[in-house]
Amino acid sequence: MSAVLAVCEQRDGVLRKVAREVVTGARRLADGLGATVDALVPGSGPVEGSAELGRFGADRVVTVTAGAFARYAPEALGQAIAERARSGGYRAVVFAATATGKDLAPRVAARLGAALAQEVTDVVVEDGAVIVTRPVYAGKALLKLRLRSEPALVSLRPNVFTPVERPRAGTAETVALDLPVGRVVTREIKAPEAGALDVGEAPIVISGGRGLKDPANFRLLEELAAAFGGKAAVGASRAVVDAGWRPHADQVGQTGKTVSPSLYIAVGISGAIQHLAGMRTSKVIVAINQDKDAPIFKVADYGIVGDLFQIVPRLTEEIRKLHG
Amino acid sequence: MGDGVVGGAWFRPSAYQPPLPLDRIILPAGTPGAGDRMDLDVLIVGAGPAGLGAAIELARLVREDNQAGHGLGEVQIGVLEKAGALGEHSLSGAVVNPRPFRELFPDLEDSDFPFRAPVEKEAVYLLTAGGRWRLPTPPTMRNHGYYVASLCEVVRWMGRKAEELGVNLFTGFPAAALLRDGNAVVGVRTAPSGLDREGKPGSGYSAPNDLYARVTVLSEGTRGLLTQAYLDWQKIGSPNPQIYALGVKEIWETRRSLDRVIHTMGWPLPSDAFGGSFMYPLEPNLVALGLVVGLDYPDANLDVHVLLQQMKTHPFFREYLEGGEMVEWGAKTIPEGGYYSLAERRSGDGVLIAGDAAGFVDVPSLKGVHYAVQSGIYAARAIFAALKGGDASAAKLAEYDRLVDRSYIRRDLYRTRNMRLAFKGGLYVGGIKAALMTLSGGALFGGRIAVPEDAAVARAAGPEASFVPDNRLTFSKVDGVFKAGNATRDSIPPHVLAAREVPEEVARFYGHLCPAGVYEWSDGRLRVNAPNCVDCKATDVLGPRWTPREGGSGPRYQRM
Amino acid sequence: MKIAVCIKRVPDTETRVKVGPDGKTLDESGAKFILNPYDEFAVEEALRRKEQAGAGEVVVLSLGPAATQETIRTALAMGADRGILLQTDRVPADGLEVARVLAGELRDGGWDLVFFGKMAIDDYNHQVGPMVAELLGLACVTAVTHLEIADGKGIAQREIEGGIEVVEFPLPAVLTADKGLNEPRYPALKGIMAAKKKPLEVKPVTPGAGGLEVLAMTPPAERPAGKIVGEGPDAVPTLVRLLREEAKVL
């Protein structure tokens, strides 16, 4: 019986949550192909959490241990995965489109001479072929592709494949490898520099307006931004920048261009046209405002009407839970 | 007094317009502050139809002369352009008369030119709020034998031709000042880039560049900064001041196809404003449409962008546009003064002025592109003779004025010399006068009709139009700026110079005047959203002065 | 220091993306083409490394149609020394085929560094750089945001979820540039003039079809109409669920 290989990530000996998504996607492919799922968990020793992968559809959970795998070792990993894929006769190899997965997958693809589709948001099997959908042109179009190589390599965009419980045996195996790290060596993992993210570049922007009432209250937004783990920046409306509450560099909007993060949260901002112009191309807009008639709600995808001083701390709490 | 005006205080925009800062625009050669210095033979300011026409003709003359064996050798021709890429600041209707293209490219056929379809059918309508009246096409507006075109595409194509001939195209470099030696123009200084909001060098700063040349051609287009400064500095006058119109234009992909060139007059313009609309098929289902309004309107609340939006809701336009998509938006002023607004001379020591910068536009036929190219050709011929003679003095370069004055440019503009000016009295009076002028070949009312400059025309606020865009057929100014592709850095220093104190009625007037939402009255003062600016120059005519920003700022027109 | 930079000509799709009549490709009418922004970082970094070394050559390569010459000229105007266009009218969807053509040209070139952008803003493929590295057997670091090079070794930083990886590698190496690595220079007037005279070699190539077949290009689903999730802090859990499950941004 043919199989699909799900490449799972760990950090510091703990399985990353995204591995569930990878196994979920692999299971979907395997069902279409009439195949089994092998979850591949590389680590320098046992990886905490790998046992749960059976619950999400892994028939086997293969922990591959090597000293080289303590930190991300692209060359050693690339070699190990490519060899496994080749010798195991896999129909498909599934990665997570994380910073690591997007780096690793092309290396494996080149070693195997196989086609790779990165940042995939949907996978199906039609007539025995792997068909994927992936966004192109900054998400302004979707491309549907057929992968004709065997194995077919895909990396799944994180947070798209909601983990689904599809219990399988999840038989645990451990394979110990003796591999050199390779030429490219990860020396350390540093914490992101706090506040280093620019409003114009951050994938998440949380902006505050006059509704915050006092410059000191921007602390609430900074706490919310911190809960997103270094992905969020705090912006400001023109009104509060002009009032001297926040620096010019944080100001969102004025022209037809400016920020287009994947998530924009407008807090206590009424939505003057100049502000809307600066954030209207954001992928998802959330508005939190006391005034239910504020123009910001017209452009927002989701709105909450009410007291931001109660809503924002609650949101921070929920986001922390999510990322915990 | 305008019938649209109901109360509100009267004011003259000129009272609030700062003077042109000549001390910043005319600099003695060698003034400190520049980074790189570059020496060229001929420098052309503005890569539009006039500048590129001049570059192509001159490069060709030099090449032929060199091939004939008695040439000048290598002649370095440089074209400065403020847009980030060719054509991105070019906007016109346009129906183009191919005549100078045939002269510029004798080996090419019309079908080789970057035009869209030839004009086969055309119609003129007078619109009322709900109806339309087909009018006979005035003789000046007959377009058979001409071509619908996108000026962006024409400019890109001409730019490639110029490059093939060895011309240096410097896109993304706005000219900010003329360099002078005595009364002679010896080059230009470009605008710096990478300034922060306070005007101090930020990260990515690059200093201005000085470009020196034996001859500088000012082909900056409408309301050129250096052209205005040069004429002021040299005290070169004209019988009438130059007057302007503002055009706002959109490109639409339509479901229903358009098979003819259309012009309309009347609704939604008030009768005390002069203007009209156009709708041209670039492709059967790709339509350019726009509204052009003279900037001498008395109602301070008149808003050309809003009028265009309103106009599209007329059944006549709606039936073409509904269900389609607005894909591009832009705005630009047009010099409309015609013959009596031409400067006494368009040449001087080391300098020539061509195209829209010189005011070569014929309003009754709604044409300027072919005059621009033609004047560029004449500029090139005069420059070539000057280079051959080793003399770029005013006397030698005056050959350019002679060539223009003997040509159809002068002839056409003279024939229609008073037609636009007649409309100072409003549409209906003007229409009758214009008809009589056409019949009499310009002889009736043959003397010059004197007009004031636009900024001297008194204004007062009429009723505020309520306009809420539906985002399908009608759009806000900010949407327009977005569709103009404007990607100006948000933190540029303000580049428009407004009076220190601007009263509310004047600030609101600027707000309506500017199609790009640069000006707002809020919290009791005039707010300037400088990055919105699309370089149309409307407020340079009637209010805050325009100065260049860092290269590549402003719109990114593709098919305008 | 001998450096190659692989660049791509891409449509600037800031304002508008429309699917072409074939239902598989972008409608390019009215589109503007630019140097892929991530490749600008790559070109800039290559120039800085050469300047730092005090000697060397920066060669720009691209696979694309004839019009790509303009894109290469942009890089030459920034300061690269010469260009090579691997000319084809058909750039395959499969990044591996692109990588094979580029690797074929780069092989045995004696490069100290080969730079790429981390991805192209048209196809978001995210793969050609590391594939070329594998095909050439070179060390590779992707999505580099900070770089130090000395004594035949380099230290690069790359952003990962919730942290920054500090990676050491030997030269020669393939590096892909991310935003933040540097601030690309504008071409100077003299650079633009000089670029016209710099060599630009055009070599026709025929890439393989590869293993990726485009079936369709479609516009994304319409944005659902905005909704008020609720009032007060009790609406927060619903909001978070919608952001996660419906909008898929958390």
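1. A crossing of two helices is called left-handed if the near helix is turned anticlockwise from the far one by less than a right angle. In this predicted model, helix 2 of chain B passes helix 4 of chain B in just such a left-handed crossing.

2. Two packed helices are described by the angle between their axes and the distance between the axes. For helix 2 (residues 49-67) and helix 4 (residues 151-164) of chain B, the axes come within 9 Å and cross at roughly 25°. Angles under 35 degrees count as roughly parallel, and helix 2 and helix 4 of chain B are therefore described as roughly parallel to each other.

3. On the side of helix 2 of chain B, the contact is made by B:Pro49, B:Leu52, B:Ala55, B:Ile56 and B:Ala59, while helix 4 of chain B contributes B:Val154, B:Val155, B:Met158, B:Gly159, B:Lys161 and B:Ala162. Sorted by class, the residues of this contact between helix 2 and helix 4 of chain B are nine nonpolar, one polar and one charged.

4. Turning to the sheet, five strands of chain B form an open sheet with mixed pairing, in the order 1-10-11-14-2. Strand 1 (26-28) and strand 2 (37-39) of chain B each have a single partner strand and stand at the edges, so one side of each is left without a neighbour in the sheet. From one strand to the next, the twist averages 30°.

5. At one of these edges, strand 2 of chain B pairs with strand 14 (residues 210-212) of chain B in the parallel sense over three bridges, and B:Asp39 has B:Tyr212 of strand 14 as its bridge partner. Helix 5 (residues 225-233) of chain B packs on the sheet, where it touches strand 1, strand 10 (175-181) and strand 11 (184-190) of chain B, and the direction of helix 5 makes about 30° with that of strand 10.

Technical notes
Residues numbered from 1 in each chain as written. Chains lettered and ligands numbered in written order. Predicted model: local features only at pLDDT ≥ 70, side-chain atom pairs only at ≥ 80, totals over all residues. Axes fitted to C-alpha atoms, helices over the stretch in contact; angles between N-to-C directions. Helix = DSSP H or I, 4+ residues; strand = E, 2+ residues; numbered from the N terminus. Parallel < 35°, antiparallel > 145°, perpendicular 65-115°, else oblique. Contact = placed C-beta atoms within 7 Å. Nonpolar A, V, L, I, M, F, W, Y, C, P; charged D, E, K, R; others polar. Pairing = 2+ DSSP bridges.
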